[in-house]
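Welcome, and please have your viewer ready. We will go from one selection to the next and look at what each one shows.

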Amino acid sequence: MFQLTLRRRGISDQTVLRTMEEVPRELFVEQTDRNDAYRDSALPIACGQTISQPFVVAYMTEQLQLQKQHRVLEIGAGSGYQAAVLSKLAGHVLTVERYRRLADTARARLEKLGCHNVEVMLGDGLNLPANIGPFDRIIVTAAMEQIPQNLIDRLEVGGILIAPVGPHQGVQTLIRLTRSETGIERKELVDVRFVPALPGVAREL
Ligand code: SAH
């Protein structure tokens, strides 16, 4: 059923579909939402954040065109679900989260599932230390009013960055940037709704 829903919504990459099937989403949602884990909707997680809708996770993953040797950066680890999906398709995943509680929970889940190529880092994805990167792929899973240049600068030639860009409240557009030898190509994909990307490590747990 899960695969069928994703297929109907337009996901055609077999590897992505298979991977979505392999990652147990029920382990990434709140206990009380386990029965709804495979519905195609976003669900609340701790710290007032959300785990993205399966279609959006599959769509963004498909757009990244991942290969086994890729080094991937995710901004917004949240539950760790998207990172688990990425980990099956890429070489290494660094996922950054500004809430300690979410970072710790995501790290524990990913370890338990054997996603040993994922590193969960507590930090501010809008202001990463200069020595982090470059990456073959960058995926932002929180809404940005614009894509910071210091993030674009971490993209390898041939690299792809995907991010929801638009107002913090309301609808954003998924933007895909591709870096070539000669510059950056920008493409608008679909409309999405994400929780905002906020500056700094959260002071709350
Ligand atoms: N990818 C997640 C869903 C992310 S929700 C999943 O699969 O579950 C967006 C997440 O981005 C939230 O957890 C939020 O705390 C985090 N976030 C927002 N701004 C951030 C920033 N500047 N740096 C790192 N994480 C950030």
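**Stop one: around the ligand**

Select Arg98 together with the ligand: a backbone N or O atom of Arg98 sits 3.3 Å from a nitrogen atom of the ligand. Keep in mind as you go that this is a predicted model.

Next, add Gly76, where a polar backbone atom is 3.0 Å from a nitrogen atom of the ligand. Then pick Asp124; here a polar side-chain atom lies 2.8 Å from a nitrogen atom of the ligand. How many residues surround the ligand? There are 27, and the closest are Ser79, Glu97, Asp124, Gly125 and Leu198.

**Stop two: helices α2 and α4**

Now select residues 14-22, which form helix α2, and residues 81-89, which form helix α4. Two packed helices are described by the angle between their axes and the distance between the axes. For α2 and α4 the angle is about 130°, and the axes are 10 Å apart. The two helices are therefore oblique to each other. Turn the view until one lies in front of the other: α2 passes α4 in a right-handed crossing.

Show side chains next. On the α2 side, the contact is made by Thr15, Thr19, Met20 and Glu22; on the α4 side, by Tyr81, Val85, Lys88 and Leu89. Colored by class, the residues of this contact of α2 with α4 divide into four nonpolar, two polar and two charged.

**Stop three: α3 against α4**

Keep α4 on screen and bring in residues 54-64, helix α3. The axes of α3 and α4 come within 11 Å and cross at roughly 35°. Which hand does the crossing of α3 and α4 have, left or right? It is right-handed.

The α3 residues to highlight in this contact are Val57, Met60, Thr61 and Leu64. From α4, highlight Tyr81, Gln82, Val85, Leu86 and Leu89. The residues of the contact of α3 with α4 comprise seven nonpolar, two polar and no charged.

**Stop four: two backbone details**

Most residues other than glycine have a negative phi, and most peptide bonds are trans. With that in mind, zoom to Cys47, in the loop between β1 (43-44) and β2 (50-51). Its phi is near 60°, a positive value in a residue other than glycine.

Finally, go to Pro134, in the loop between β5 (118-122) and β6 (135-140). The peptide bond from Gly133 to Pro134 is cis, with omega near 0°.

Conventions
Residues numbered from 1 in each chain as written. Predicted model: local features only at pLDDT ≥ 70, side-chain atom pairs only at ≥ 80, totals over all residues. Heavy atoms only, no water. Axes fitted to C-alpha atoms, helices over the stretch in contact; angles between N-to-C directions. Helix = DSSP H or I, 4+ residues; strand = E, 2+ residues; numbered from the N terminus. Parallel < 35°, antiparallel > 145°, perpendicular 65-115°, else oblique. Left-handed = near helix turned anticlockwise from the far one by under 90°. Contact = heavy atoms within 4.5 Å. Nonpolar A, V, L, I, M, F, W, Y, C, P; charged D, E, K, R; others polar. Near = heavy atom within 4 Å. Polar contact = N/O pair within 3.5 Å; in protein donor to acceptor, adjacent residues only side chain to side chain.
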